[in-house]
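Reader: I would be grateful for a close look at the aromatic rings in this structure. Please explain the terms as they arise.

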Amino acid sequence: MRAGGLVDAEGCAVRPYTPSFVHCEVLVVGAGPTGLALGCELRRRGTDCVIVDRDLEVDPRPRAVMVHAAGLEWLEGLGVRGRIEDMALRMRRIVFHLLDRADYTVDFTDLPTLHPYYLNVPQPEVERVLERLYLSLGGRLLRGVEYTGHREDGGNLLAEMGRADDATTRTRVRARYLVGADGAGSAVRAHLGVGFPGTTYPMSYLLAEGLPAEELTTPRDESAMFVGPEGAVSVLPLPGGRTRIAGPVTSRFLEREEALSADVFREAVEGLGFGSRLRMATIDRLTHYQVHERLADRFRVGRALLAGDAAHVNSPAGGQAMNTGFADAVELAGRLETVLSGAPAELLDGYEAVRRPTAQRIARSTGVGDLLQTMREATTESERAFVRARLDGLAHEWSQLPVRRTEAVR
């Protein structure tokens with residue numbers, strides 16, 4: 001395992017970590033998609049930036065997998081969309097399958113963009129591309145160190161860092177501004193004392209990745225949601241012929257106190273009643289997780305700001321998390337650049353004014369539980385027409401194009 005330290009554009013250590021002062025204009029805590037996106041935006045504007053992360057390398061777990069049209073437009077502007085798309089599957093639809101009922105479709109092909117589709121691509125691949133770009137732009141990335149707190153010091157702030165493999169060794173980073181992009185369990189948010197109210201869904205969700213027993217969608221440019229009488233799962237094709245199946249399955253299963261195993265997962269999925277279409281030939285990743293819908297009370301406290309999952313989390317429906325973090329990064333980078341160039345610091349308050357309503361809007365669009373129940377109960381043509389009408393706007397909402405273009409003119 002590599003010792004903590006600075007890494008270069010190829011991800012190689014260029015010098016070992018040493019306990020010293022580091023100076024920069026903006027310190028970003030967290031080298032996930034949001035932190036790296038912010039780093040790229042800051043560096044292409046010429047802003048001096050340091051990103052720190054407690055992990056020694058990109059987390060290999062493929063958490064988020066969807067990049068939507070607004071994110072693709074942004075990646076195109078950075079010059080890396082093609083590089084990411086080479087590692088992805090281009091998807092054009094999400095199809096909702098019901099037992100013995102009509103199917104429903106969210107179609108992305110009519111989006112007003114050069115990229116009328118979304119990509120299924122594992123989050124680690126996106127992070128690696130953004131990390132290489134950030135470093136090639138002259139950004140500094142310090143891995144193997146962990147944020148432990150900060151204090152404001154006149155026109156700057158002083159952040160304390162601990163070394164991941166040696167708790168007795170510390171360093172300090174002096175910066176003009178700090179951004180916590182360190183995820184839902186944000187240490188920065190906790191240090192600031194910012195509340196994170198919201199809802200935790202009263203059930204665990206299951207997730208399995210591996211090789212499907214048979215082809216799940218034809219053509220293979222569709223993701224799917226299989227909606228049973230009591231539960232549902234999403235089915236996302238992944239590069240390399242692999243598939244992710246994730247969802248709440250059924251309430252009866254999730255209330256059982258039972259260790260998670262491949263056999264237990266198969267039993268749960270079989271309970272939905274879709275047969276071989278949801279069977280996996282091999283499972284190489286299996287986990288369970290809880291879903292939260294939360295929004296930070298504040299996005300800014302003095303010289304510290306929150307972005308990405310540190311500021312807001314929502315249901316995974318529609319694959320919004322990475323894309324929302326990208327948009328946070330673009331909005332915040334522009335404001336930081338302007339303030340660092342001499343504009344009043346109050347301009348940073350506009351970041352929350354713009355992005356908080358957007359986070360609330362995205363949370364509403366991903367809360368599809370009621371819609372799934374309406375699908376289950378729809379038996380007449382008028383009821384099915386109501387469902388289709390509800391779905392008609394989801395492609396635009398989930399693409400985040402309306403948000404991107406509205407914010408661009410503010």
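Author: The following account deals with the aromatic pairs and with the charges placed over rings.

This is a predicted model, in which local features need pLDDT of at least 70, side-chain atom pairs count only at pLDDT 80 or more, and totals for chains, interfaces and linings use all residues. Residues are numbered from 1 along each chain as its sequence is written, and side-chain values use heavy atoms, with hydrogens and water left out.

A search of the whole structure finds 4 aromatic pairs; rings of Phe, Tyr and Trp (its six-membered ring) pair if their centres lie within 6.5 Å, and planes under 30 degrees apart count as stacked, over 60 as edge-to-face and the rest as tilted. One of them joins Phe 108 and Tyr 118: the planes stand at 65° with the centres 4.9 Å apart, so this pair is edge-to-face. Phe 108 lies in the loop between strand 9 (104-107) and strand 10 (118-120), while Tyr 118 belongs to strand 10, so the pair ties together parts 10 residues apart in sequence. Strands (E, at least two residues) and helices (H or I, at least four) are DSSP runs, numbered from the N terminus. Phe 108 is buried, with a relative accessible area of 0%, and Tyr 118 is buried with a value of 0%; buried means under 20% relative accessible area, exposed over 50%, and partly exposed in between (1.4 Å probe, protein chains only).

Phe 299 and Tyr 351 form a tilted pair, 5.9 Å centre to centre with 50° between the planes. This pair links distant parts of the chain, 52 residues apart: Phe 299 in the loop between strand 20 (280-295) and strand 21 (300-301), and Tyr 351 in helix 9 (residues 349-366). Both Phe 299 and Tyr 351 are buried.
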